[in-house]
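Colleague: I should be grateful for a close look at a single part of this structure, namely its salt bridges. Please set out the partners and their surroundings in one connected account.

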Amino acid sequence: MSTTMVAPHSKRPIADDKVFAANKKAQEAAKKVGAEQVINSTLGALMEDDGSLSVMQSVMKTFKDLPDAEIAAYAPIAGLPDFQQAAEKAVFDEYRPTGHVRAVATPGGSGGIRHAVWNYMEAGDTMLTADWYWAPYKTITEEHGRKLETFQLFDENKAFNLPSFKEKVEELLGKQERLLIMMNTPAHNPTGYSLTEEEWKEVLDYLKEKQAKDQKKIILYLDIAYIDFAGDMKTSRGFMKQFENLPENILVLVGYSMSKAFTFYGLRCGALLCLSSSEEIANEFMAAATFSSRACWSNGTRGAQKLLANVYSDESLLKKVNEERDSFKKLLETRAHAFVEEAETIGLEIFPYRAGFFITIPCENPDKVADELAKNHLFLLPLGRGLRFAPCAVSEAKCRKSARFIKEAIDKVNG
């Protein structure tokens, strides 16, 4: 009889993270056959054509120029005040909705999701998200004794499936007094889909009607990790104006990450913002989130917070950062366009891609297809019902080549 020491709720299978396991295989292949022969489309990080990490030099220089004390010292639990102000600017730009906004520093986007799951769900409650979703959503809910259920993201025309969304909201609010809804948009991970302003209007009209009828509590979480690679400011943020003047029982939470926006993945800094028509509810958020931060990680990375604050307090620096990001954005758009164009040419089915780091190819037997692709030294992430390809990490030429490899592998495996 084997001995176990962990508490029953923390007994987990011993397994590698699928993303990092796939990346490890790609790196091992590169050592054997050479990096040029390998297509590594596993990680959600922007890479140069030669496979090295894309780094925004204006951001790196600003960080390295910080005084030692601004890097080494503690930050306040909720974050530096100028960081909180900068996070609000970074999230909303000129499209800030009318309402009471508060911001708390978090270690990347994951920290904000953790706080929402813990503070806005009862033990045993269920969070709702789309059926194509970032896997850690489930990990975080399970870690905190909560559950995850999904609605169908796309209808038969590959448009946002509002009827499925409504059906699941009705079902869960029939069982719970509050519902946390996780919406990963714009530039959804893993499909690259973004809700249109009209689709957002339909979602919000329904939620307002539902809240007025049942007086339940609805927490709408926007995971905007990829927002700065989702088109221009109006395209990526214009929909946020629709969130003003919502009823008190509809709270909007926004998870912001510096990882993607500043190509600074290892710095682990982000913010969780709330938007409410009620000052009391906004202050309640601040108290709960700050308490949770103290309980989990005490405080965040001061240097990262000061970096964001300095960028948004210096117009010339902000302009330089935005221009450098725009060049990266064009690189990503060119790569994604190449893959999408080639997929259309050869008849490879993909979900509607509008922006972001990822494209999803629905297929049967994704693990077997991924194994087949590995024979051609193409590595990507097999999902439950498809494959996630990351043009952010692959050159334009390799993106075109990848579409053909994927079509051939799917045809071979699924006949």
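**Salt bridges in the predicted model**

Modeller: Lysine 412 is exposed, with a relative accessible area of 59%. In this predicted model, lysine 412 forms a salt bridge with glutamate 372, and the closest N and O atoms are 3.0 Å apart. The two residues link distant parts of the chain: glutamate 372 belongs to helix H14 (residues 366-374) and lysine 412 to helix H15 (residues 396-414), 40 residues apart. Glutamate 372, by contrast with its exposed partner, is buried, as its relative accessible area of 15% falls under 20%.

Helix H15 also holds a pair of its own: lysine 407 and aspartate 411 both lie there, four residues apart, about one turn of the helix. Their salt bridge brings the closest N and O atoms to 2.8 Å. Lysine 407 is partly exposed, with a relative accessible area of 22%, and aspartate 411 is likewise partly exposed, at 40%.

A further salt bridge joins arginine 12 to glutamate 143, with 3.8 Å between the closest N and O atoms. Arginine 12 lies in the segment before helix H1 (18-33) and glutamate 143 in helix H6 (residues 136-143), so this pair ties together parts that are 131 residues apart in sequence. Arginine 12 is partly exposed, with a relative accessible area of 41%.

Salt bridges also form a network, which links Glu149, Lys168, Glu171 and Lys175. The structure holds 28 salt bridges, including the pairs described above.

Definitions and conventions: Residues numbered from 1 in each chain as written. Predicted model: local features only at pLDDT ≥ 70, side-chain atom pairs only at ≥ 80, totals over all residues. Heavy atoms only, no water. Salt bridge = Lys/Arg side-chain N within 4 Å of Asp/Glu carboxyl O. Buried < 20%, exposed > 50% of the residue type's maximum accessible area, 1.4 Å probe, protein only.
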